[in-house]
Amino acid sequence: MPRVEFTPNLANQTHAPACEVAGTTVAEALSAVFDQAPKLRSYVLDDQGAVRTHVVIFVDGTAIRDRARLSDALRPDSEVFVMQALSGG
Amino acid sequence: MSTKLYLGTRKGLIEAERCDGRWQLTRNSFRGVQVPMLLPDVRDGRLYAAVNHGHFGTKVHVSTDAGATWSEVACPTYPPKPDDVPDVINPMSQEPTPWTLKLIWSLEAGGKDEPGVLWCGTIPGGLFKSMDSGASWSLVTSLWNHPARAHWFGGGADWPGIHSIVVDPRDSRHVQLAVSCAGVWETRDGGETWACIGEGMFADFMPPDQRFNPGIQDPHRMVACPSSPDYQWVQHHNGIFHSTDGGQHWQHCDKVNPSGFGFAVVVHPTDPQTAWFVPGVKDEMRVPVDDALCVMRTRDGGASFEPLRKGLPQEHSYHLIYRHALDISGDGRTLAFGSTTGSVWISEDGGDSWERLSAEFPPVYVVRFG
């Protein structure tokens with residue numbers, strides 16, 4: 001299953017566990033994580049479900065392209081990393 | 001008098017307490033994180049803090065022990081924008097106004113007969129209401145969907161925002177808002193319907209045919225006297241205005257000394273003719289007049305104003321006071337304000353003299369007595 005990990009800066013603010021979850025897209029994987037840690041959702045996504053302006057999500061070392069619907073595909077062994085961008089904030 | 005003071009700053013919530021006859025710094029919370037808004041709710045003793053994490057957005061926390069411990073509650077969240085709802089285009093930037101929370105810019109308690117009711121004003125212009133002490137929030141769609149919102153625009157910020165919420169102590173269903181930039185709005189039915197009110201405010205910076213349009217005004221801050229709620233004050237982008245008929249009509253105060261430009265205003269809790277302001281030079285020169293910081297007070301309903309300088313720096317000062325960074329205690333004599341350059345002053349004699357709590361704070365967004 002894909003592995004999802006969050007920047008330690010996020011874990012300092014709220015429960016943000018690294019975990020392995022089912023999912024074929026970033027949206028599906030994050031949704032599974034948010035089922036386990038509901039408060040985490042609003043730290044990563046904005047009101048409309050898009051990635052926050054100053055948050056970046058990498059899949060296997062490449063920043064995702066679809067920041068609005070998070071449709072980027074995952075392989076079964078993908079590694080997803082959620083970090084803050086160095087812009088803004 | 002109040003004995004607790006809460007400071008929401010660029011780098012956390014800082015508390016001060018009056019002990020043994022003097023104010024002392026005590027505790028800090030949310031260290032390093034922006035705290036743009038605070039609400040000590042006198043109805044039940046809860047303390048609310050809006051916390052802005054920058055990268056990770058705004059959250060709301062509540063304390064039931066005066067700031068000793070905190071728990072995260074729900075944050076006002078814009079609902080998913082339906083695909084068939086057209087964008088509202090910002091008339092200045094010609095960009096669609098987002099359905100996402102940018103900033104919690106005001107937080108007020110409902111009436112004493114409405115336990116748990118909270119109002120929250122935001123950038124980009126949404127008003128939210130909670131019926132359960134912040135456990136959940138709903139966007140007030142009657143205002144968000146009002147056709148006139150298409151004329152709202154930002155003042156200073158990119159998007160319009162609701163920074164002042166006045167709940168009528170005589171009738172909790174009567175609520176007034178001040179919006180930058182959309183003037184003063186009012187509901188008399190608890191938020192079912194809204195109307196833009198207020199004749200007399202003017203905006204010299206707008207094209208001539210728009211200057212007196214109530215719907216484009218930029219009130220920086222609006223307050224009502226708790227004991228005489230029809231007596232209201234506005235520190236406007238273009239000067240100081242007051243109303244004696246609940247905001248229906250506004251009179252410009254032209255006897256200001258030294259300046260009518262500023263952001264903050266507070267009114268005496270029982271004397272509606274007495275109000276305090278912290279002036280700057282003007283909009284494109286946001287520093288104290290002659291580099292000398294003063295608080296400006298009127299005690300005659302705006303017929304005259306006096307600068308109060310004792311204890312405040314009178315040279316080389318660059319302090320600006322944000323709109324929520326001036327507060328007055330219920331005794332009508334204790335005031336406090338904080339500046340963009342990190343000083344906080346307290347007066348216990350109605351502003352006649354001031355003592356600096358510290359000059360080492362981060363920029364101060366909001367000052368509230370507990």
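How many residue pairs are in polar contact between chain A and chain B? I started there, keeping in mind that this is a predicted model. My count between the two chains came to eleven residue pairs, both residues at pLDDT 80 or more.

**Entry: who touches whom.** I listed the residues in the contact and got 18 from chain A and 17 from chain B. On the chain A side, I checked which elements give two or more residues to the surface touching chain B: they are helix 1 (8–11) and helix 3 (41–44) of chain A. I then sorted that side of chain A by class and found four nonpolar, ten polar and four charged residues.

**Entry: area and charge.** The size of an interface is often given as the accessible area lost when the parts come together. For chain A and chain B I noted about 1,400 Å² buried between them, with 51% of it on carbon and sulfur atoms. I looked for salt bridges across this interface too, and the rule finds zero.

**Entry: a sheet in chain B.** Next I moved to chain B, where four strands form an open sheet in the order 24-25-26-27, with antiparallel pairing. Why is one side of strand 24 and of strand 27 left without a neighbour in the sheet? Strand 24 (326–328) and strand 27 (355–358) of chain B stand at the edges and each has a single partner strand, so one side of each stays free of a sheet neighbour. I got an average twist of 20° from one strand to the next.

**Entry: one pairing in detail.** I followed strand 26 (residues 344–347) of chain B to strand 27 of chain B; they pair in the antiparallel sense over three bridges. For B:V344, I found the bridge partner in strand 27 to be B:S358.

Notes
Residues numbered from 1 in each chain as written. Chains lettered and ligands numbered in written order. Predicted model: local features only at pLDDT ≥ 70, side-chain atom pairs only at ≥ 80, totals over all residues. Heavy atoms only, no water. Contact = heavy atoms within 4.5 Å. Buried area = accessible area lost by both parts, 1.4 Å probe. Salt bridge = Lys/Arg side-chain N within 4 Å of Asp/Glu carboxyl O. Polar contact = N/O pair within 3.5 Å; in protein donor to acceptor, adjacent residues only side chain to side chain. Nonpolar A, V, L, I, M, F, W, Y, C, P; charged D, E, K, R; others polar. Pairing = 2+ DSSP bridges. Axes fitted to C-alpha atoms, helices over the stretch in contact; angles between N-to-C directions.
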